[in-house]
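Student: Please take a close look at one part of this model with me. I would like to hear what sits around that part, and then how the picture carries on elsewhere.

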Number of protein chains: 2
Amino acid sequence: MNKVGIIGYGITPFTREDQKIESVLLKSAKTLFQNNQNIKRNDIDAVLVSTNNNSKYLSPILSEMIGIQPKIAHSIESLCNSGTNSIVSAYSYIASGLADMVLVTGAERYDSPGQILQWDNSRGEFKHPIFWASIFAKSYKREYSISDEQLALVSVKNHKQAKKNPNALSDKTYSIQDVINSKKLTDDLRLLDCSRPCTGSASIILASAEMAKKITDLPIWITGIGQKTTSASFTKNTSFRFMESTRLAGQTALKMANKHTEDIDVAEIHDAFSVCEPMALESLGFTNNGNGMNMIKEIHDTDNFKINPRGGLIGSGHPLGATGISQTIEITQQLQSKADKRQVDDVQVGLVHNMSAAATSSTVLVLEK
Amino acid sequence: MNKVGIIGYGITPFTREDQKIESVLLKSAKTLFQNNQNIKRNDIDAVLVSTNNNSKYLSPILSEMIGIQPKIAHSIESLCNSGTNSIVSAYSYIASGLADMVLVTGAERYDSPGQILQWDNSRGEFKHPIFWASIFAKSYKREYSISDEQLALVSVKNHKQAKKNPNALSDKTYSIQDVINSKKLTDDLRLLDCSRPCTGSASIILASAEMAKKITDLPIWITGIGQKTTSASFTKNTSFRFMESTRLAGQTALKMANKHTEDIDVAEIHDAFSVCEPMALESLGFTNNGNGMNMIKEIHDTDNFKINPRGGLIGSGHPLGATGISQTIEITQQLQSKADKRQVDDVQVGLVHNMSAAATSSTVLVLEK
C-alpha cells in the first residue's frame with residue numbers, strides 16, 4: 001500500500017459573507033496553488049469536493065476554474081464530517097494506486113442545508129442540532145455533576161484560542177459570566193455554547209510518498225484512519241453522555257498508527273457544541289469518563305493549546321463541508337511548526353476528530369511528521 | 001493491490017412513481033440481500049450512496065434501515081456518472097485495504113435535481129441537456145451526412161432490447177416512423193430520441209478477492225478503470241461530434257485491463273440521447289469516426305444484443321445516480337450468463353461507459369469473469 005502524505009494546503013477566513021458556492025470553493029484552492037507554486041496542475045489525478053451545498057457537478061466546475069482536467073471528480077457529502085470522509089477517500093485513491101495526487105476542497109455557505117436534520121423523525125419537531133446537543137448536555141451534566149459555569153469553560157477556552165487564528169470567525173474573548181449571560185437557547189445550552197455556521201473554504205493536497213518527496217521537505221503522513229457510523233437517528237445512540245462512534249473510530253485510528261492517546265501532542269476535537277468537547281475527549285480515551293472538564297480546565301489554566309488550537313468549531317466557525325479539512329490543516333501546520341501564535345511545543349503526533357449528526361458518525365485521523 | 005470483484009447485486013423496476021428517496025434507496029438494497037443471503041451485513045465496511053437528490057446523510061440512513069454499521073459512509077455526486085464514480089471509489093477502498101466489502105447503492109426520483117444545468121452560463125437560457133444533445137446531433141449529422149431517419153434507429157433498437165428487460169421503464173417497441181412522428185423538441189431531436197428521468201434504484205456489492213471467493217463461485221472482476229473530466233462547461237468541448245473525455249477514459253481502462261475494443265463482447269453505452277450512442281462507440285474506438293450508425297444498424301439487423309442489451313438509457317430509463325450501477329449490473333449478468341432473454345453468446349469481457357453533462361466527464365470500466 002502506498003504511503004500517503006499531505007503536501008500542501010490553502011485556507012481562507014471564515015465569514016458570514018453571502019457568496020456563491022463556486023466562488024467560495026475557488027478561494028482556498030487558489031490560495032493553495034499560490035502557497036505551493038511547485039505543484040503542477042497536470043499532476044493532479046483527482047479533485048474531490050466536500051460540501052452539503054445542493055449545487056451539482058462542483059468538482060468539474062472547480063477543476064475548470066482552477067485549470068485541472070482530473071481523472072476522478074465528484075462531490076462527497078456526509079453532513080459535518082464530509083471533510084474527513086473526503087480526505088479518507090483521497091487517501092484510498094492514492095494508497096490503491098489509482099491516483100498519485102489528489103486535491104480535496106471543502107466549502108460551505110453560512111446558509112448551507114444540512115444544518116437541519118429533516119430525516120430524523122425520532123426528533124419530532126426538534127430538528128435543529130441544538131436539541132440533540134441539549135439532551136447530551138443534560139445527560140452529561142447530570143451524570144457527572146457538571147454545572148453550567150463549568151461547561152462554559154469550553155467556549156471561553158476556544159474563543160481565547162481563536163483569537164490567535166487569523167481565519168477564525170470569532171475575534172472576541174469571553175468570560176464564564178459572558179457565556180452564562182448569552183442568550184439561553186434551551187434548558188441546557190446558550191448561544192455561546194454553540195458553533196456557528198459560516199461561509200468558508202479549505203483545500204488540501206495529498207500525494208503518494210514518491211510524489212510528496214518531489215514537492216516538499218515537510219510532508220505530513222496520515223498514519224492512522226478510523227471511521228464508524230453507528231446509526232443515522234439520534235435516538236439509536238446507546239448513550240447520551242458518551243460517543244460510541246467516536247470511541248470505535250479512535251480505537252481503529254490509533255491501532256493503525258500504532259499509537260496511544262498519551263502519544264498525541266495536539267488534537268482537533270469536534271466541538272459543535274461545548275458539551276461535545278469533554279464527551280469526545282473521554283470517548284477517545286484522553287481521560288476518564290466524567291473527567292473531560294478537568295482536563296479542559298488544566299489546559300485552559302496553563303495556556304496550553306493542545307486541544308483545539310485554532311479555536312475549535314466554537315471559535316473558528318463551522319462551515320460544514322470545510323470543517324474536517326480545516327481541522328486537518330491545523331494539525332498539519334502544528335506538525336510543521338508553522339502554527340504561529342498557536343504553536344504547541346515539540347509536536348510529533350497529532351489527531352483529528354470530526355463527527356456528524358449527534359455523533360452517529362465519526363472520523364479520527366492520526367497525522368505524523 | 002487487492003483484486004476487486006463484484007459479488008452481488010439488486011435491482012428493481014424503473015418507474016415514474018412518486019416515492020421518498022429513502023424508500024427508493026432501500027428497495028434495491030433489500031433485493032440485493034434477498035438475492036445474496038450468504039452476505040453478512042457485519043462484513044460490510046463501507047456504504048456509498050450515489051445520488052443527485054438533495055437529501056443529506058443518506059448513507060447512514062440506508063445503513064440504519066438495512067442493519068449495517070459501516071466504517072465508511074457518505075454520498076457521492078457527479079450528475080449522470082455518479083454511479084460509476086461510486087463504484088470506482090468502492091474499488092479504491094478495497095484495493096487500498098481500507099475495506100474488504102463495500103455496498104454501493106444508487107437511487108433517484110423522477111424529479112431529481114441535476115437534470116437542469118444551472119451552473120453552465122455558456123448555455124444561456126438553454127439549460128436542459130437536450131440543448132447540448134441537439135448541438136451534438138446537428139454537428140454529427142452534418143459532418144457524416146446522417147439523416148434523422150438513420151439516427152432514429154438508436155431509439156428503435158434500444159426500445160426493442162428494453163422489451164427483454166423486466167426492469168425497463170419502457171415496455172413498447174417503435175418503428176423508425178414512430179420515432180420521426182414523436183414530438184419534435186428541437187430542430188434535431190424528438191421525444192423518442194431522449195432517455196427519460198425516472199424513479200429507480202440499483203445496488204451492487206464489491207469485495208476483495210479473498211472475501212469474494214467465500215461468497216460466490218462467479219465473482220466478476222473489475223480489470224480496467226478509466227475516468228476523465230475535461231471541463232464542466234459544454235462550450236469547452238473541443239468537438240461537438242466526438243467525446244474527448246470518453247476517448248481518454250476508454251484508452252485508460254482498456255490499457256489497464258490489457259484489452260482492445262475487439263476483445264469486448266458486450267457493452268453498456270451512455271445513450272442519454274440517441275446521438276450519444278454512435279458518438280460514444282466512435283470515441284471508444286469500436287468503429288471509425290462516422291461509422292457508428294452502420295455498426296448500430298448491423299447490430300439491429302442481426303438481432304445481436306451486443307450494445308446496450310438492457311435497452312440503454314433510452315429504453316431502460318435514466319435514474320441519474322442509479323444509471324451507472326444498473327449498467328454495471330447488466331454487464332455482470334451478461335458475464336455470469338444470467339441475462340435471460342438479453343443474453344449475448346459467450347461473453348468473456350464486457351465494458352461500461354457512463355458519462356455526465358455533455359460528455360465533459362466520462363467513466364469506462366472493463367469487467368471480466
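Tutor: Right after helix 2 of chain B comes Gly67(B), and its phi is positive, near 85°. (Helices are DSSP runs of H or I with at least four residues, strands are runs of E with at least two, both numbered from the N terminus.) This is a predicted model, in which local features need pLDDT of at least 70, side-chain atom pairs count only at pLDDT 80 or more, and totals for chains, interfaces and linings use all residues. Residues are numbered from 1 along each chain as its sequence is written, chains are lettered from A and ligands numbered from 1 in the order in which they are written, and side-chain values use heavy atoms, leaving out hydrogens and water.

Let us stay with the helix itself. Seven of the nine residues of helix 2 of chain B are buried, so the helix is mostly covered (buried is under 20% relative accessible area, exposed over 50%, partly exposed in between, with a 1.4 Å probe and protein chains only). The buried ones are Leu58(B), Ser59(B), Pro60(B), Ile61(B), Leu62(B), Ser63(B) and Ile66(B). The cover over them comes from both chains: it includes strand 6 (220–229) of chain A, and from chain B helix 1, strand 2 (46–50), strand 3 (72–77) and strand 4 (101–108).

Helix 1 deserves a closer look. The axes of helix 1 (residues 21–35) and helix 2 (residues 58–66) of chain B come within 10 Å and cross at roughly 50° (axes are lines fitted to C-alpha atoms over the stretch in contact, with angles from 0 to 180 degrees between N-to-C directions). That makes helix 1 of chain B oblique to helix 2 of chain B (under 35 degrees is roughly parallel, over 145 roughly antiparallel, 65 to 115 roughly perpendicular, the rest oblique). The crossing of helix 1 and helix 2 in chain B is right-handed (the near helix is turned clockwise from the far one by less than a right angle). On the helix 1 side, the contact uses Ile21(B), Glu22(B), Leu25(B), Leu26(B), Ala29(B), Lys30(B) and Phe33(B); on the helix 2 side, it uses Leu58(B), Ile61(B), Leu62(B), Met65(B) and Ile66(B) (contact is heavy atoms within 4.5 Å).

Chain A has its own version of this pair. There, helix 1 and helix 2 pack at about 50° with axes 10 Å apart, again in a right-handed crossing. Among the residues that meet are Leu25(A) and Phe33(A) from helix 1 of chain A, and Ile61(A) and Met65(A) from helix 2 of chain A.

How do the chains relate? A turn of 180° and a shift of 0.0 Å along the axis lay chain B on chain A with an RMSD of 0.0 Å (least squares on C-alpha atoms with pLDDT of at least 70 in both). That is the relation of a two-fold axis. In chain B, the C-alpha nearest the axis belongs to Ser96(B), 2.1 Å from it. The copies meet through the same surface, because 100% of the interface residues of chain B are also interface residues in chain A.

Now move along chain B to another covered element. All eight of the eight residues of strand 8 of chain B are buried, so this strand is largely enclosed by the rest of the structure. Val349(B), Leu351(B), His353(B) and Met355(B) are buried on one side, and Gly350(B), Val352(B), Asn354(B) and Ser356(B) on the other. Strand 7 (residues 266–268) of chain B runs parallel to strand 8 of chain B, joined by three bridges (strands pair if DSSP finds at least two bridges between them), and Glu268(B) has Val352(B) as its bridge partner. Strand 9 (residues 361–368) of chain B runs antiparallel to strand 8 of chain B over eight bridges, with Gly350(B) opposite Leu367(B). In the hairpin of strands 8 and 9 of chain B, four residues lie between the strands, and Ala357(B) has a positive phi near 45°.

Two more positive phi values, both in residues other than glycine, round off the tour. Asp346(B) has phi near 50° and sits in the loop between helix 12 (320–335) and strand 8 (349–356) of chain B. This Asp346(B) is exposed, with a relative accessible area of 60%. Asn308(A), with phi near 55°, lies in the loop between helix 10 (292–301) and helix 11 (312–316) of chain A, and is buried at 0% relative accessible area.
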